[in-house]
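Visitor: I'm new to protein structures and would love a close look at one place where two helices pack against each other. Could you walk me through it slowly?

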Amino acid sequence: PVIIGAMILAPLMSPIISLSMGVLRQNIDLIATSSSTLLVGMSLALMFGTVLTWLIPLTMITPEIQARLSPNLLDLGVAIFSGIAAAYASARSEVAKSLAGVAIAVALVPPLGVAAIGVGWWEWSIFWGAFLLFLTNLVGIILAAAATFLLMGFSPFHLAKRGLLITTVFVMLVSIPLVFAFNSLVQKQRITTVLQQLEFKDIEVRDIQVISNDEHIIAVKLLSNRVLQSDEIVTVKSRMEKELGHAIRLEAQLVVVQ
């Protein structure tokens, strides 16, 4: 569904690429025109997304929504490659622009849709998480596209350096929360890897989720062929704490399997 929606909305590529060229060449008229077009597109996406959220009686956070709530440096990397592809496709007539348009739309439209869902649900944590991803992708695409146009000779460096500098500053500002998010992702993966290697007699640990790095909250499923006693759960928790090197708050769901 994400790919299909992105293909329909691929014309978003045009104002973004125009904005990149305007930034590169310091063309105020082009910057103003493309920015206004982009703002209209953003506003319409948020408005229609919010209305649809009100009309559809669903309040469950799906995996597609969850995947767009915690952007990190990997998302910025994807945006940069999308910007390079879009700029190259726009400059070369032999390259299919639809492919680059889909790449850009996949990076921008789904986060806007999730942000609209956050507005419709009045869940501002959802809105800000998704909108941060949108901004990350947007500034990454603009910077990468502008740099690609520069390398392809569309503007002399003395004219382009101011626009590139301003865009780079925006990217660096957006990257600050992304660095923390990426570090958190790495820490969660490390914890999950460590706990997956633990073995217990008559107990299998499944579906490990690090709910909070700061508060050390970990949720797991404990599978056994019998009802576990409280002291056995304490033993599991103590073993986990020993392997991780710090205390944790364990949220265990007990599952009896035959």
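**Where two helices cross**

Guide: Happy to! Helix 2 and helix 7 cross in a right-handed way. Please keep in mind that this is a predicted model. Two packed helices are described by the angle between their axes and the distance between the axes. Here, helix 2 covers residues 13-25 and helix 7 covers residues 124-151; their axes come within 8 Å and cross at roughly 60 degrees. Helix 2 and helix 7 are therefore oblique to each other.

Now look at who does the touching. Helix 2 contributes Ile-16, Ile-17, Leu-19, Ser-20, Met-21 and Leu-24, while helix 7 brings in Leu-138, Ile-141, Ile-142, Ala-145, Ala-146, Phe-149 and Leu-150. Sort these contact residues by character and you get 12 nonpolar, one polar and no charged.

Let's widen the view a little. In soluble globular proteins, nonpolar side chains tend to be buried together. The largest nonpolar core in this model has 23 residues, and Ile-16, Phe-134 and Leu-138 touch the most other members. At least two residues of this core come from each of helix 2, helix 3 (28-55), helix 6 (97-121) and helix 7. Helix 7 gives the largest share, eight residues.

Phe-134 is a nice one to zoom in on: setting aside neighbours within four places in sequence, Phe-134 is in contact with Met-42, Leu-108, Pro-111 and Leu-112. Apart from the largest core lies another core, of 18 residues, including Met-13, Leu-150, Val-171 and Leu-178.

Conventions: Residues numbered from 1 in each chain as written. Predicted model: local features only at pLDDT ≥ 70, side-chain atom pairs only at ≥ 80, totals over all residues. Heavy atoms only, no water. Axes fitted to C-alpha atoms, helices over the stretch in contact; angles between N-to-C directions. Helix = DSSP H or I, 4+ residues; strand = E, 2+ residues; numbered from the N terminus. Parallel < 35°, antiparallel > 145°, perpendicular 65-115°, else oblique. Left-handed = near helix turned anticlockwise from the far one by under 90°. Contact = heavy atoms within 4.5 Å. Nonpolar A, V, L, I, M, F, W, Y, C, P; charged D, E, K, R; others polar. Core = buried A, V, L, I, M, F, W, Y, C linked by side-chain atoms within 4.5 Å. Buried < 20%, exposed > 50% of the residue type's maximum accessible area, 1.4 Å probe, protein only.
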